[in-house]
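Colleague: Please take a close look at the part of this model that the database record annotates, and describe the surroundings of each annotated position. Where it helps, please continue outward to other parts of the chain.

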Amino acid sequence: MVDSQYYLPNDIGISALDCREAFRLLSPKEQLYAHYLSRASWYGGLAVLIQTSPESANIYALLQKLFRAQAPLQLKATATAAGLSAEEYQAFLVYAAGIYANMGNYKSFGDTKFIPNLPKEKFKALVWESLVFEESPRDIEALWGCCSEPLYSLEDKLKQLGLGDKGITTYFSGNCCLEDAEFAQKFLDSKKLSAYNTRLFKTEIDGKRCYEVRLASAEKADCCDAEKGGETFCGRYEFEDAVFSVKRGDYSFLMEKVCQNLEKAKAHAANENQKKMLEEYIRSFTYGSVDAHKEGSRYWIKDKGPIVESYIGFIESYRDPFGSRGEFEGFVAVVNKAMSARFSQLVSSAEVLLPELPWPPAFEKDSFLKPDFTSLDVLTFAGSGIPAGINIPNYDDIRQTEGFKNVSLGNVLAVAYATQKDKLTFLEENDKDLYIKWKGPSFEVQVGLHELLGHGSGKLFVQDDKGKFNFDETAVRNPETGELISSWYKGSETWDSKFSTIASSYEECRAECVGLYLCLNKEVLSIFGHEGEDAEEVVYVNWLTMVRAGLLGLEFYTQESKSWRQAHMQARFVILRVLLEAGEGLVGLKECTGTDGRPDAVITLDRSKINTVGKSAIQRFLCKLQVHKATADVEGGRALYEGYSAVTADGTHDFLRLRETVLLRKEARKMFVQANTFFKDDAVKLVEYEGSAEGLIQSFVERFSDDAEEVEAQLLEMTRTDSTCWC
């Protein structure tokens, strides 16, 4: 029997994202703008297949060919003829839907591999019986030969994403380890090059280490964008005892498709900011320039309150084991004006709320740059998964001095966290009813605070290349020690480059703590329409959700490598540890036997102590997080965070045993079905699909109906070219 964490259950939740009304309200020009931005996002999103695992693109191509020849309903008869039971065929469909939803064969939330929940010989029998095999036996047999082994392999190293012996990654060639990642970062910093849109490949020539830094770009040649006065960093460099070659052309075909569609979108832009934003994005994806993407992001920040909101590029670094390289994503969404009004009110109150945070004024940004904060209904979200909220751009230098935007994805929130009582784990019965009633409203508050005042708060102390400080180094003192601060960011150092492997989770933890801390503020609750007893329930359920999530987080810890696979869930476990440590009966966690006779656990929260014991604990911890972050104190920050992240059997709670219980009772994360847009007869048509595995599959088959074979051929060629790099 395969451990259930490595396959997707047949009854996994699959929901359609409803955007019909939001799209209908757009003008024809806005619909065209949204359409071409969506096309750019979907093409770029295919790069995630290459970024995830060596076999993901091969599996994707095989599935696309199968379903293009026979829709899921037609293929069902073929499956029966091939000897598959109804359950096995459903498992096949769920696996295919999982590949599309995660853009690869590793879960986007947790980075664990998933394999088909049916025997390999049955999968093969279905492929051999299919219409596409009948039409192209040699091609399909070759494709099956490329992916059948890794498709099912659960060799230890292949069970999760990671660097070196801790897992598989395609951000680095297979012979790279943590030391190589650190060395490459040192080189990149010396050239003031960002790692966001790069991958690293290592070889050895005549005993000398040679590294190829590959930039994502449509352009393959080493040239500069002369029209823009740009410069190129491509070339060969001697660095210490190694050689680095910086080259263009990663995902070239896909980046070209992205640029073509952004160019078409530009013709339908609503204003100059949008046009200039798209011009810079096109420059970025053409030449592999992160500086151009930064420039585009500046115009994006200036584009206040657009009807159609979007962002695209190599954005989040959660899945790079080193924490510096961005996964491609692109989203297009329509503003929900009613819900956005609440977030706008929160933005207006930010300057009053920020001083409430538990660090001295010197540790806060010099001025709060009021961002857009909107609730959006997602039309398109291409990448490996869909979050509930986003705070972007991720560039520290822009966020600190020029601003950012926050978005809450309303139609995702509406379906992502709907829960049935009988599936609710680790809560007492009376808490389950409260949880179901108040989870949505409380999560809306938490997302708002997390994104705006969590990620949007806090200063980084910097000394630039010219020696200029952005703080008074003779006066700013560490509130923990009372002494003058003695460390800060220098030159091109960034939060990600300094804190690397813990940066993402540490920052998510800081933002989650801000949400917990500020949700106790009555003014905040009032903004979201919660007063009196209702407000108290929102606070209680928000804190209860957090401690339960901390326990659920154990699913995303790998004991063999002692590593965490999901930034947010590690953050929530850390918070659970902090609140358990606070004592005084604030949080209770006990192991028991469930009604089914199997191991179980119950987590409780004393609501009378949230405003006292709980608030004090979060206050102290949050201050420490900010001080280490602001002062670039990697050593202190890492010791603090890794201490609370440790999963052991020692102490009051046996977290290793609790992890087994969590794995025993885990529920699979939902998948989403998204609509497509098509330009036909001088109008944009929206096509929606049912919330099922079949609907999800059909949406992807139709998404690339015009050039599917060319796209698949290019993906297979990219995979083949690098196939020797992962051994």
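**The annotated site and its surroundings**

Modeller: Leaving aside residues up to four places away in sequence, Glu-508 makes contact with Tyr-318, His-450, His-455, Ala-567, His-568 and Ala-571. This description rests on a predicted model. Glu-508 belongs to helix α18, which runs over residues 495-518. Its relative accessible area is 5%, and since burial is assigned under 20%, Glu-508 counts as buried.

Two of the residues that Glu-508 touches, His-450 and His-455, share an annotation with it. According to UniProt, in an unreviewed entry, "binding site" covers His-450, His-455 and Glu-508. These three positions span 59 residues in sequence, yet no pair of their C-alpha atoms is more than 8.4 Å apart, so they gather at one spot.

The same spot may be examined from the side of His-450. This residue lies in helix α17, residues 429-454, and its relative accessibility of 6% makes it buried. Beyond its neighbours up to four places away in sequence, His-450 touches His-455, Glu-508, Ala-511 and Glu-512. The list for His-450 therefore includes both of the other residues in the "binding site" annotation.

A separate annotation concerns Glu-451, which UniProt lists, again in an unreviewed entry, as "active site". Glu-451 is likewise placed in helix α17. A relative accessible area of 7% puts Glu-451 among the buried residues. Apart from residues within four places in sequence, Glu-451 is in contact with Phe-373, Gly-389, Ile-390, Asn-391, Asn-406 and Gly-456.

Several of these contacts lead on to a further backbone feature. Strand β9 covers residues 389-392, and Glu-451 touches Gly-389, Ile-390 and Asn-391. Directly after this strand, the peptide bond from Ile-392 to Pro-393 is cis, with omega near 5°. Pro-393 itself is found in the loop between β9 and α15, the latter being residues 396-401.

Helix α17 can also be approached from another helix. Thr-545 lies in helix α20, residues 532-552. It counts as buried at 13% relative accessibility. With residues up to four places away in sequence left out, Thr-545 touches Tyr-435 and Lys-439. Helix α17 takes in residues 429-454.

Elsewhere in the chain, one helix pair deserves attention. The axes of helix α11 (residues 252-266) and helix α12 (residues 272-287) come within 9 Å and cross at roughly 165°. An angle over 145 degrees is classed as roughly antiparallel, and α11 and α12 are therefore roughly antiparallel to each other. Their crossing is left-handed. From α11, the contact is made by Met-255, Val-258, Cys-259, Leu-262, Glu-263, Ala-265 and Lys-266, and from α12 by Lys-275, Leu-278, Glu-279, Tyr-281, Ile-282, Phe-285 and Thr-286. Sorted by class, the contact has 9 nonpolar, 1 polar and 4 charged residues.

Ser-284 also lies in α12, and it is buried at a relative accessible area of 5%. Outside its neighbours within four places in sequence, Ser-284 is in contact with Ala-216, Ser-289, Ala-292 and His-293.

A further serine, Ser-310, lies in strand β6, residues 308-316. At 6% relative accessibility, Ser-310 counts as buried. It touches Leu-37, Met-277, Trp-300, Phe-331 and Val-332, not counting residues up to four places away in sequence. The C-alpha atoms of Ser-310 and Ile-610 are separated by 38 Å, and the two residues are 300 apart along the chain.

Finally, two residues merit a check of their backbone angles. Met-103 has a positive phi of about 50° although it is not a glycine. It is found in the loop between α6 (86-102) and α7 (120-129). Lys-192, also a residue other than glycine, has a positive phi near 55°. Its place is in the loop between α10 (178-190) and β2 (198-205). Their surroundings can be set side by side: Met-103 is buried, with a relative accessible area of 3%, whereas Lys-192 counts as exposed at 51% relative accessibility.

Key. Residues are numbered from 1 along each chain as its sequence is written. This is a predicted model: local features need pLDDT of at least 70, side-chain atom pairs count only at pLDDT 80 or more; totals for chains, interfaces and linings use all residues. Side-chain values use heavy atoms; hydrogens and water are left out. Axes are lines fitted to C-alpha atoms, for helices over the stretch in contact, and angles run from 0 to 180 degrees between N-to-C directions. Helices (H or I, at least four residues) and strands (E, at least two) are DSSP runs, numbered from the N terminus. Angles under 35 degrees count as roughly parallel, over 145 as roughly antiparallel, 65 to 115 as roughly perpendicular and the rest as oblique. A crossing is left-handed if the near helix is turned anticlockwise from the far one by less than a right angle, and right-handed if clockwise. Contact means heavy atoms within 4.5 Å. Ala, Val, Leu, Ile, Met, Phe, Trp, Tyr, Cys and Pro count as nonpolar, Asp, Glu, Lys and Arg as charged, and the others, Gly among them, as polar. Buried means under 20% relative accessible area, exposed over 50%, partly exposed in between (1.4 Å probe, protein chains only). UniProt positions are given in the numbering used here, feature names are shortened, and annotations may be inferred rather than shown by experiment.
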